[in-house]
Amino acid sequence: MEDLRLLIVDDVEDNRLVLNAICKKLKGFNIKEAVDGLDAIAVCEKWHPHIILMDVMMPNLDGFEASKIIKSRFPETIIMVVTAVIDPHMEENMSSIGVAAYVHKPIDKELIRFKIQNFASVLRLKAGQHTKLSHKNALNPFSADIRNFRTIFDINDAEGMMDFGMWILSRCDTNVLSSCIKVDSMIQLFYDLMRHGIHEDNCLSIIVEESFEEIFLTMKFDHAIVMKPKTVELVNDLQFCCIIRENIACVRLEINNKHFTAHSPLTTNITAKPLHSEPVSKSSEPKETLENIQEFQSDKYRRTIDANEQELLRQSFVHKTAAIDYVQEIGGDVLDEIRDLESLDEEWKEKLHTFEADPTIENIYQFTDRVLGVYIRAINNLFEFTALAYALASLGTFMKEHADGIISDPEKLKTLVMMTEHLGADLVSWREHVFELRDTADIHYLDSSFFSSCMQIEQIIGSKEIVANDDDGMEFF
Amino acid sequence: MAKRVIIVDDSRAVIATAELALDEMISSGVIEFKSYLNPAELLGKLQSGEENFDLLISDVNMPEMNGLDLAREIKKDERYKTKPILVLTTESSNDMKMAGKEIGVTGWMVKPFSDDKLVKSLKMVLGV
């Protein structure tokens, strides 16, 4: 990988000199400076830095506004805020726009180098470059190229095994959980070995070692493993991914293939929080009484609108931006990407109708990932329409989480398809008014309304009561 | 006789949601339900006498025309001066509400709305 580009943004020359001197000692960096937020954006447009050290209080455009714009246009850029201002509220705001780290002045040079090195390692890893490792004490028989840590599970019983199963599944991408065949086979094998291999007064360990591409799960007994016919079958299923030798059984799983990855297409740039649902009445001790079961079956849930969503919903754009002015400001590339969405209009309908005709998990994912995912990325690349992107991501999450309920209820399915088709038409109309006709006096006319419609869908399909903190309801004059 | 309820909102999804919420009132013949995506089109039809309503439900932020401007224009017309207009919007600032009140809108309902609240509000305003 070529040298990483590091940009130092500070209006005070002395501060820039100090930071430059600190960073110069790091190998593999090309360093530039900017004197304020506006200058930083200009440098980003031309130079595309990997990492930015950003001051907050600056003339012309402060660090917060500059970071917001940079993260919207270049979401991959890592921004570390370096400031003398100690303000938890500001840190929270910075974090919400995607700032990766916050460093207080006076500068701890070792700490700042350490943080930069960490981010640099992640960037190099993403580019497929990392230093080859050779760990002398690797336990797994597959590779000595493992990282300098291990995760160890001491397992005494089936419950401990379940904890391990939960841990490994939680590291799978939830979008492809249903296709984690290899992980499932591994869990079955380990469960089978545990049942036959664990005796009273002893326990077994599962030691997890990781390289940058693979994860090695080694089950270690204090006695030699005896293979039962069923165990042999399970090992054969795993083929070359499993080795059983004396008292250890080891399975290797790839981290970056589609069956075992921590990357979700819907959460690339914007995080749609999983819908936060709670039963209306909570019992401190779960009891399977008839009443509880009926309450659960009635599916009467409450969808609480959190503070962030509240803000997105209620934002009133006092200074309206006309479409004609807005489109002039944005780059041609971004505009092209929005125009490309036209090709998705038919797909939006087609994928929905396919799902309606053949309601399967796969078909719902075809819509959420192939259609909604593309839309979210394109809208995210504009830095103005956070509520729209959030609403779409939230809708995708809702559809996935409620897929079973939707699939099994033809009425819900029909309503969801109808409503989602309307949402698609609303987006087509929004694109026309903002980007093609450019005739609207307020580019944000759809934002909160669209988000609200997505919530109404949750209300209708999920049988949820929407509860806002500032629930105004109806006000008569 | 069925009361004529018109909703004007640029969003097809909002119109569909309201129609679902009012389904029972529509199917039982208590109300006639008509929707418009474009406020300017509705205004034109109201002014020419081609359209009429017993209750208008209007969004605020729409691409062609602001819902409060629409209400203001409608209220200028003697035929609709006393007809109720409900605003259905995500806007909840007091300034906006005050502007609505001054124009003469009857009530302000914030999205997302619950079906019950919408139905109750309609029944109350229409006296049905």
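Helices and strands are here DSSP runs, of at least four residues for a helix and at least two for a strand, numbered from the N terminus. The views below are taken from a predicted model.

**View 1. Surroundings of Lys220(A) in strand 8 of chain A.** Lys220(A) belongs to strand 8, which covers residues 214-220 of chain A. Because 16 C-beta neighbours fall inside 10 Å, Lys220(A) counts as partly exposed, a class that lies between the buried residues, with 20 or more, and the exposed ones, with 12 or fewer. Apart from neighbours within four places in sequence, the contacts of Lys220(A) are Leu204(A), Ser205(A), Ile207(A), Asn247(A) and Ile248(A). Ile206(A) lies 14 residues away along the chain, and its C-alpha atom is 6.2 Å from that of Lys220(A).

**View 2. Strand 1 of chain A and its two parallel partners.** Of the six residues of strand 1 (residues 4-9) of chain A, five are buried, and the strand is therefore largely enclosed by the rest of the structure. Strand 1 runs parallel to strand 2 (residues 29-34) of chain A, to which six bridges join it, and within this pairing Leu4(A) has Phe29(A) as its bridge partner. Between these two strands the chain passes through helix 1 (residues 13-24) of chain A, in a β-α-β crossover that is right-handed. Strand 1 is also joined by four bridges to strand 3 (residues 51-54) of chain A, again in a parallel arrangement, and here the bridge partner of Leu6(A) is Ile51(A).

**View 3. The largest nonpolar core and a separate one.** The largest nonpolar core holds 82 residues, of which Leu388(A), Ala391(A) and Leu392(A) touch the most other members. Helix 15 (residues 386-401) of chain A supplies the largest share of this core, namely ten residues. Beyond its neighbours within four places in sequence, Leu388(A) is in contact with Ile379(A), Leu446(A), Asp447(A) and Phe450(A). Another core, of 26 residues, lies apart from it, and its members include Ile8(A), Val9(A), Phe64(A) and Val99(A).

**View 4. Backbone details in loops of chains A and B.** Most residues other than glycine have a negative phi, and most peptide bonds are trans. His48(A), although not a glycine, has a positive phi of about 50°; this residue is in the loop between helix 2 (37-47) and strand 3 of chain A, and it counts as exposed because it has 12 C-beta neighbours inside 10 Å. Asn60(A) is likewise not a glycine and has a positive phi of about 70°. The loop that holds Asn60(A) runs between strand 3 and helix 3 (63-73) of chain A, and Asn60(A) is exposed, with 12 other C-beta atoms within 10 Å. In chain B, the peptide bond between Lys111(B) and Pro112(B) is cis, with an omega of about -5°, and Pro112(B) is placed in the loop between strand 5 (107-110) and helix 6 (115-126) of chain B.

**View 5. The contact between chain A and chain B.** This contact takes 33 residues from chain A and 30 residues from chain B. On the side of chain B that touches chain A, the elements giving two or more residues are helix 1 (12-21), helix 5 (94-103), strand 5 and helix 6 of chain B, and helix 1 of chain B gives the most, with six residues. The residues of that side divide into twelve nonpolar, ten polar and eight charged. Strand 14 (residues 474-476) of chain A and strand 5 of chain B run antiparallel and are joined by three bridges, with Glu475(A) standing opposite Trp108(B).

Terms used. Residues numbered from 1 in each chain as written. Chains lettered and ligands numbered in written order. Predicted model: local features only at pLDDT ≥ 70, side-chain atom pairs only at ≥ 80, totals over all residues. Contact = placed C-beta atoms within 7 Å. Core = buried A, V, L, I, M, F, W, Y, C linked by C-beta atoms within 7 Å. Pairing = 2+ DSSP bridges. Right-handed = clockwise from strand over helix to strand, strands pointing away. Nonpolar A, V, L, I, M, F, W, Y, C, P; charged D, E, K, R; others polar.
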